[in-house]
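Student: I would like to take a close look at a single part of this protein chain. Please describe that part in detail and set it within the whole.

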Amino acid sequence: MRARIGRSRLRAASLIATFVILAFPGSALAHAELLRAIPADGKTIAEPVTVVAGTYSQDLAANSKLLVKDGSGATVATGTVDPANVRRMIARPAAPLGDGAYEVQSTSVSADDGDIERVQWTFTVAVAASASPTETASPSVATSSTPEGTPSVAPSQPASPTASAAPSPAPGDATSDSSNVILPIIAALAIVAIGAGFLLNRNRGRSS
């Protein structure tokens with residue numbers, strides 16, 4: 001009889017414990033578990049990261065913290081409980097996180113009973129390379145520019161000289177040439193006339 005009573009009490013206690021666990025899961029599981037990570041675990045971000053944060057299932061004690069480490073293991077940011085939300089921790093790097101792999105180490109301390117929960121998550125930053133600016137071809141200018149900026153046309157090549165016609169004699173030159181020919185003739189005729197006259201006079205003298 002007593003054994004039956006003991007078994008009944010044990011069953012009742014088990015049912016009560018199960019009810020308490022189902023009705024108040026927070027009291028049975030006192031750890032402040034990570035519910036959401038920013039950036040998400042395993043995600044690749046295409047732009048520099050300025051904020052790393054985690055949201056938890058319970059209120060966090062003041063000694064909870066986040067550590068953000070780069071690929072070499074160096075700490076690049078440290079976070080604590082967000083004053084605006086006691087279930088959130090946030091870390092702001094001094095400079096945006098550039099290309100590389102990062103690990104976040106979370107230590108959440110429950111404000112209810114001080115239980116500690118440690119988790120890690122990783123993310124990668126791969127900033128998309130911006131397209132290099134294309135070089136614009138400068139318009140070609142046929143004319144060169146003077147120092148003052150006024151375009152000057154290149155001098156054209158002089159035309160090859162053509163054979164020039166022989167200069168025609170001036171009217172004065174023709175007159176001089178004709179006078180040079182006529183004057184000796186006139187002089188010769190005058191000499192002949194004088195000689196002829198001299199001979200005629202001589203012949204007359206002899207005849208008389």
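Tutor: A contact here means that heavy atoms lie within 4.5 Å. With that definition, residues 24 or more positions apart account for 58% of the contacts in the protein chain with a separation of 6 or more. Please note that the model is predicted.

Let us begin with the whole chain. The protein chain contains three helices and 10 strands. Read from the N terminus, the order of its elements is α-α-β-β-β-β-β-β-β-β-β-β-α. Of the 208 residues in the protein chain, 18% are buried. The protein chain exposes about 15500 Å², and carbon and sulfur atoms supply 60% of that area.

The part chosen for a close look is strand β3, which spans residues 52–56. Strand β3 is mostly covered, since four of its five residues are buried. To count as buried, a residue must have under 20% relative accessible area.

Consider next the pairing of β3 with strand β1, which comprises residues 34–38. β1 and β3 pair in the antiparallel sense, over four bridges. One position illustrates this pairing: Arg36 has Thr55 in β3 as its bridge partner.

β3 also pairs with strand β6, made up of residues 85–91. This pairing is likewise antiparallel and has four bridges. Here Val52 stands opposite Ala91 in β6.

To bring the picture together, β3 is a mostly covered strand that pairs in the antiparallel sense with β1 and with β6.

Methods: Residues are numbered from 1 along each chain as its sequence is written. This is a predicted model: local features need pLDDT of at least 70, side-chain atom pairs count only at pLDDT 80 or more; totals for chains, interfaces and linings use all residues. Side-chain values use heavy atoms; hydrogens and water are left out. Helices (H or I, at least four residues) and strands (E, at least two) are DSSP runs, numbered from the N terminus. Buried means under 20% relative accessible area, exposed over 50%, partly exposed in between (1.4 Å probe, protein chains only). Accessible areas come from the Shrake-Rupley method with a 1.4 Å probe; for residues, only the protein chains shown count as cover. Two strands pair if DSSP finds at least two bridges between them.
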